[in-house]
Amino acid sequence: MATIGLAACSNPVAGREEKLAELVGVFEGAGYRVDTRFVERFAGHEQRVSGGSGGSGGGSRVWRINPRVRAELLTELFADSAVHAIFDITGGDLANEVLEWVDWDVVSANPKPFAGYSDVSVVVNALVVAGSGAGRLGPGRTATLWNPWTALKRGADDVPAILARKHIRPACDRELPDLPIIGGNVRCLAKLGGTRWWPRATGHLALLEGMATTLEAVTTYTEQLRQLGLFRGAEGLILGQFTDIDAVGQRGILADTLREITGLDVWHAPEIGHSRDSAPVTIG
């Protein structure tokens with residue numbers, strides 16, 4: 001029986017205890033063990049702020065877990081031979097804080113499937129750049145862009161392919177070249193600029209997706225990625241879901257604009273993104 005270790009590199013999951021129990025139940029019902037040691041590890045390391053997300057309102061909320069503790073958990077899960085795969089269940093803004101604290105030598109020495117989405121795009125791509133035992137796993141099988149919470153709607157059907165380290169390709173509007181893919185959330189990916197975890201797209205397809213964003217925001221983030229050199233040598237651009245933009249019928253404008261900025265041919269991958277039934281894709 002395979003064991004899935006849950007990581008939490010980005011914003012806290014405080015307040016989602018019932019949903020977390022439901023998610024664990026889905027995985028366990030499919031025959032997997034689930035390691036939730038993060039709950040115990042994070043206890044006592046919560047950082048609180050009064051009011052809501054904007055600082056207003058009553059009460060307090062957990063806005064952050066100490067980044068060193070988050071990174072130590074990730075390192076520990078890679079080092080633990082009893083854990084067969086790591087699924088990060090967080091998103092938000094804070095995942096890049098863990099990168100300097102992760103023991104990358106331990107990670108590379110203990111390769112295993114890792115999956116995360118949204119803000120955890122920074123960790124997914126950092127694993128690819130850092131190697132994470134790429135030579136032992138095989139090309140393009142070091143990390144998966146995937147939201148584990150989709151199991152609440154899709155069930156655990158995506159898990160076997162991730163555990164088997166299969167090369168998971170996105171369903172696109174037309175045939176996709178058989179090339180490796182790098183990328184993820186457009187806003188979060190830009191946070192890797194200027195760091196040693198910056199991905200190189202030469203000979204790869206670049207993938208971008210986004211949720212609560214606008215044409216203006218995606219345009220400026222994509223231009224920033226271009227100036228950072230992300231698209232230099234890339235073989236094409238895959239556009240996943242851009243939830244708010246798609247909802248108001250502006251996808252065509254978006255595609256034309258990003259084609260103009262990047263100079264790349266564009267494919268559409270409607271199942272990759274933030275929807276509750278989004279599909280996984282191999283990064284690396």
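This report describes the confidence, one sheet, two helix residues and the cysteines of a predicted model.

**Confidence of the model**

The protein chain has an average pLDDT of 93, and 93% of the residues score at least 70. Residues 132–141 form a stretch where the pLDDT is below 50. Beyond near neighbours in sequence, that stretch has 25 contacts in the model.

**The annotated span**

According to an unreviewed UniProt entry, residues 181–284 carry the annotation "domain: LD-carboxypeptidase C-terminal". In the model, the end C-alpha atoms of residues 181–284 lie 6 Å apart. Helix accounts for 33% of this span and strand for 23%.

**The open sheet**

Strands of a sheet pair through backbone hydrogen bonds, in either a parallel or an antiparallel sense. An open sheet of 4 strands is found here, in the order S8-S9-S10-S11 and with parallel pairing. Its edge strands are S8 (181–185) and S11 (266–268), each of which pairs on one side only. From one strand to the next, the twist averages 20°.

The pairing of S8 can be followed residue by residue. Strand S8 pairs with strand S9 (residues 205–210) in the parallel sense, over 5 bridges. Gly183 stands opposite Leu207 in S9, and Gly184 has Leu208 of S9 as its bridge partner. Although S8 is an edge strand, 5 of its 5 residues are buried, so the strand is largely enclosed by the rest of the structure.

**Two residues of helix H10**

Helix H10 comprises residues 215–227 and includes Thr222. Val218 also has its place in helix H10. Thr222 counts as buried because its relative accessibility is 0%. Val218 likewise counts as buried, at 0% relative accessibility.

Leaving aside residues up to four places away in sequence, Thr222 touches Val186, Leu208, Phe231, Leu258, Ile261 and Thr262. One of these contacts, Leu208, is the S9 residue that bridges to Gly184. With neighbours within four places likewise set aside, Val218 is in contact with Val186, Thr213, Phe242, Ile245, Leu254 and Leu258. Val186 and Leu258 therefore appear in the contact lists of both Thr222 and Val218.

A further distance places Val218 relative to another part of the chain. Val218 and His167 are 51 residues apart along the chain, and their C-alpha atoms are separated by 28 Å.

**The cysteines**

A disulfide is a covalent bond between the sulfur atoms of two cysteines. The structure holds 0 disulfides. Cys9 is in no disulfide, and the nearest cysteine sulfur, that of Cys188, is 13 Å away. Seen from Cys188, the closest cysteine sulfur is in Cys9, and no bond forms because 13 Å is too far. Cys9 counts as buried, at 1% relative accessibility, and Cys188 counts as buried at 0%.

**Accessibility of the residues discussed**

The table lists the relative accessibility of the two helix residues and the two cysteines.

| Residue | Relative accessibility | Class |
|---|---|---|
| Cys9 | 1% | buried |
| Cys188 | 0% | buried |
| Val218 | 0% | buried |
| Thr222 | 0% | buried |

Notes
Residues are numbered from 1 along each chain as its sequence is written. This is a predicted model: local features need pLDDT of at least 70, side-chain atom pairs count only at pLDDT 80 or more; totals for chains, interfaces and linings use all residues. Side-chain values use heavy atoms; hydrogens and water are left out. Helices (H or I, at least four residues) and strands (E, at least two) are DSSP runs, numbered from the N terminus. Buried means under 20% relative accessible area, exposed over 50%, partly exposed in between (1.4 Å probe, protein chains only). Contact means heavy atoms within 4.5 Å. UniProt positions are given in the numbering used here, feature names are shortened, and annotations may be inferred rather than shown by experiment. A disulfide is a pair of cysteine sulfur atoms within 2.5 Å. pLDDT is the predictor's confidence in each residue, from 0 to 100. Two strands pair if DSSP finds at least two bridges between them. Axes are lines fitted to C-alpha atoms, for helices over the stretch in contact, and angles run from 0 to 180 degrees between N-to-C directions.
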